Amino acid sequence: MIKVVFVDDHEMVRIGVSSYLSAQEDIDVIGEADNGEDGVRLALDLRPDIILMDLVMEGVNGVEATKRILNEWPEAKIVIITSFLDDDKLYPALEAGATSYLLKTSKAKDIAEAIRATHQGQSILEPEVTGKLMNRMRTPTEEPLHDSLTQREKEVLMLIAQGKSNQEIADELFIALKTVKVHVSNVLSKLEVHDRTQAVVYAFKHDIV
């Protein structure tokens, strides 16, 4: 079971999404909070597999809550679910360490699939989010950073862009999981990005996939 804590100040949203998720055979909503302060406390107490986090809440907002959770528990996987795509909300959320970014206009089944994918180590972004990140990346006229990648690192980058987890990459390339982690670290360093999500954006922008 994928254990989920849902933090959102809209009661009807919580009821609707939680009811759908709990009806899934592999997902269990083990806790809910209607504000960021309680959400942080609940997430750190229960240590769920996924934290579904609203962004705009009174008091402690979703960005601040994400920072607090990851500061105490760096392995936490936080899925933002919001109605906003404004730059002043999107970028701070991703920079704070959110793994995935969804809109409340998403279908319930898509939210469930995003939770499953995030649990498997993937980063799920709305198409509009990907577009914004691509526009924010360096221009193609600059010397491409991926030229410095080894052939194996390029293969790893392509698999990351396909949404593969480290274990799936290891299985596909027939190499050790520890080796995959080293390659991923090298890829992020050479591309001058901070996480797998930015690496994926880079791969699409430069037509690597």
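Leu94 sits in helix H4, helices here being DSSP runs of H or I with at least four residues and strands runs of E with at least two, both numbered from the N terminus. The model is a predicted one, with local features needing pLDDT of at least 70, side-chain atom pairs counted only at pLDDT 80 or more, and totals for chains, interfaces and linings using all residues. Residues are numbered from 1 along each chain as its sequence is written, and side-chain values use heavy atoms, with hydrogens and water left out.

With a relative accessible area of 12%, Leu94 is buried; the label means under 20%, while exposed means over 50% and partly exposed anything in between (1.4 Å probe, protein chains only). Leu94 has company in H4 (residues 87–96), where Leu90, Tyr91, Ala93 and Ala96 are buried too. As a rule, an α-helix has 3.6 residues a turn, so residues three or four places apart point the same way. Going further afield, the C-alpha atom of Leu94 is separated by 21 Å from that of Lys181, 87 residues away along the chain. Just after H4 comes Gly97, with a positive phi of about 120°.

Ser100 belongs to strand E5, residues 100–103. Ser100 counts as buried because its relative accessibility is 0%. Its side chain makes a polar contact (a pair of N or O atoms within 3.5 Å; within protein, one must be able to donate a hydrogen and the other to accept it, and residues adjacent in sequence count only if both atoms are side-chain atoms). The partner is the backbone nitrogen of Ile124, at 2.9 Å.

Positive phi also turns up in residues other than glycine. Arg47, with phi of about 50°, is in the loop between H2 and strand E3 (50–53). At 42% relative accessibility, Arg47 is partly exposed. Phe174 has a positive phi near 55° and lies in the loop between helix H8 (166–173) and helix H9 (177–190). Phe174 counts as exposed, since its relative accessibility is 77%.

On the surface, Asp9, Glu11, Asp34 and Glu58 gather in a patch of negative charge. Patch members have over 30% relative accessible area and no salt bridge, with like charges joined within 9 Å; a salt bridge would put a side-chain nitrogen of Lys or Arg within 4 Å of a carboxyl oxygen of Asp or Glu. Of this group, Asp34 is found in the loop between strand E2 (27–33) and helix H2 (36–46), and is partly exposed at 43% relative accessibility.

Note on methods: Patch = residues over 30% accessible without salt bridge, like charges linked within 9 Å, V, L, I, M, F, W, Y side chains within 5 Å. Areas by Shrake-Rupley, 256 points an atom, 1.4 Å probe, with all protein chains shown as cover. Lys, Arg positive; Asp, Glu negative; His and termini not counted. Charge placed at Lys NZ, Arg CZ, Asp CG, Glu CD.
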